[in-house]
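Hi,

Here is the structure I promised to pass on. Please open it first; my notes follow below.

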Amino acid sequence: MKKFKKVLFIFVLIKLIFFTYSCRPYPDNDYTESVKTAPVTPSGIHVVAASEQLTVTWNVVSGAEHYTLYCDTGNDYSSAAIVIENITAPTVIIPGLQNGTIYNIWLKAFNRYGSSGVSTVQSISTIMPAPGGVSVTGKLGNIQISWNSISSAAYYDVYYNTTNSAPVSPYITNNSGTTATISGLDEGRRYYVWIKAKGNSGNYSDFSNAVNCVTMEAHSGGSVSFNMAYVPAGTFTLQNGGPNMTISKSYWIAETEVTQELFEEIMGAGNNPSYFNSGADSGEVQVKRPVENVNFYHAIVFCNKLSIAEEKMPVYEINGYTDPNFWGTIPTSDDSMWNNVTANWNADGYRLPTAMEWMWAAMGARDSSNGYAKACAGSTGSNNIGDYVWYDVNSNAKTHEVGKKLPNELGLCDMNGNVREICWDASGESYPTVDTTDYWATADPSYHKNRSGSWKDDETLCLIADYGAATSWSATNDLGLRIVTNAPSIP
């Protein structure tokens, strides 16, 4: 009897173990042997666009072992160009897509019993990258803009504002190229510019980074007008290895070299000392060629007379007078009285630039770390120097009408070539070897530095870093001038 009970107990125990095992769920799945159905269609699909890729997420489907994603620009998932299979988590990244293109997304869930239906299509565009390389140049009453092209863009919209806050509506829509001009602007005012790329389907990139510039101001000397560009204060590297030179105050600088017509207007009829006073090239205006054959003494007289004509405070003083009529005849030889000229740096009149002001303006008031190494003002490093400069190769041994060559980043023309430009700095001393603010040389006032290269120089003398010197009374047919005046800081 005891043996029978023992056998019965073992039999019941085996049956209990078998029953328990047969009812447990499959170890690697969310469903039981009794539920033999395919998963439901995925839902809660969310797509996030980025540059050249999409990130897709969705709700977990109960009973699903894996998922397949279909991606295509067409409307039929069964012929989709991109199929990603055996996705085990409810998220996937689709890489290698075309920017600014609309893609359709579908999903299906799978398990050992079959597949779900296809999900509702999700349509979204990859983000078109924002335009880069945006450059702006302030001119008189307008801004000239350029930017790099975006391969997936069909058009571009251009925005501007007087504050660093992008407006809702563009100024220019559906611009097909990568250049534009914003016109009808105030003089001497800062403007901010943004560009958006636009696809054929109306999808947009983000805004480009904001860039800004100040429009030029119109000035006049009697009946002759000229424009001046704004140069902000800044710090730049003088040469390889330093030092750093700081310009602490902003200033205006003339768009071009002083022309023969402006010089004669201010100095009096018949007072055009230029060697090239006739024989302008076809299509050029003779009186708009740069004045040359002038010296430092001519230059300071011209600056003060122009200041007086515009009712500004003259900068230069000789023997206690700022009116050049009290200085006597312009010397043609060394003159100690004229060499002792002093400058009132707070006056609002016209003056010669210091060599450092000239250099900072030639660099476009940017590229502060290696702008000194540019082949010429405005050079990108890959363009032709002849696009910017009149020099010995293309000048035909003479000067040319100002403004005929491409400008630099500030809109300044002929900063290299045409004629050398007289600076305030005296000669006879080397440039600083330590960081310096508002530097100008004072060693020998009977010599003054000049910069830019000229119509008769080779390209090595047209480098931004190159400079020369001449006596204060020397007047040659490759020496002219460009003027500056103090400016308020423009916010």
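Start with burial. Of the 491 residues in the protein chain, 48% are buried. Keep in mind that this is a predicted model.

Overall shape next. The radius of gyration of the protein chain is 37 Å, whereas a compact globule of 491 residues would have one near 23 Å. Along the principal axes, the C-alpha atoms fill a box of roughly 145 × 50 × 40 Å. The exposed surface of the protein chain comes to about 22700 Å², and carbon and sulfur atoms supply 50% of it.

Now the fold. The protein chain has five helices and 29 strands. Take the contacts with a separation of 6 or more: 67% of them join residues 24 or more positions apart.

One sheet is worth a look. This open sheet has five strands, in the order S16-S17-S20-S29-S23, and the pairing is antiparallel. Its edge strands are S16 (217-221) and S23 (350-351), each of which pairs on one side only. S23 is joined to S29 (residues 484-486) by two bridges, and the two strands run antiparallel. Within S29, Thr485 is the bridge partner of Tyr350.

Two helices pack on this sheet. Helix H2 (residues 260-267) touches S16 and S17 (224-231). The direction of H2 makes about 110 degrees with that of S17. Helix H5 (residues 355-362) touches S17, S20 (251-254), S23 and S29. The direction of H5 makes about 75 degrees with that of S20.

H2 deserves a closer view. Which residues of H2 are buried? They are Gln260, Leu262, Phe263, Ile266 and Met267. These residues lie on the same side of H2, because they cover an arc of only 165 degrees around the axis. The general rule behind such a pattern is simple. An α-helix has 3.6 residues a turn, so residues three or four places apart point the same way.

What do the buried residues of H2 pack against? Their partners are S16, S17 and helix H3 (296-309). One backbone detail closes this part. Gly268, just after H2, takes a positive phi of about 115 degrees.

To sum up the two main points: the protein chain has a radius of gyration of 37 Å, against near 23 Å for a compact globule of 491 residues. In the five-stranded open sheet, H2 packs on S16 and S17, while the contacts of H5 include S23 and S29.

Best regards

How values were computed: Residues are numbered from 1 along each chain as its sequence is written. This is a predicted model: local features need pLDDT of at least 70, side-chain atom pairs count only at pLDDT 80 or more; totals for chains, interfaces and linings use all residues. Side-chain values use heavy atoms; hydrogens and water are left out. Two strands pair if DSSP finds at least two bridges between them. Helices (H or I, at least four residues) and strands (E, at least two) are DSSP runs, numbered from the N terminus. Contact means heavy atoms within 4.5 Å. Axes are lines fitted to C-alpha atoms, for helices over the stretch in contact, and angles run from 0 to 180 degrees between N-to-C directions. The radius of gyration is taken over C-alpha atoms; the globule rule is 2.2 Å times the number of residues to the power 0.38. Buried means under 20% relative accessible area, exposed over 50%, partly exposed in between (1.4 Å probe, protein chains only). Accessible areas come from the Shrake-Rupley method with a 1.4 Å probe; for residues, only the protein chains shown count as cover. The arc is that of the directions from the helix axis to the C-beta atoms.
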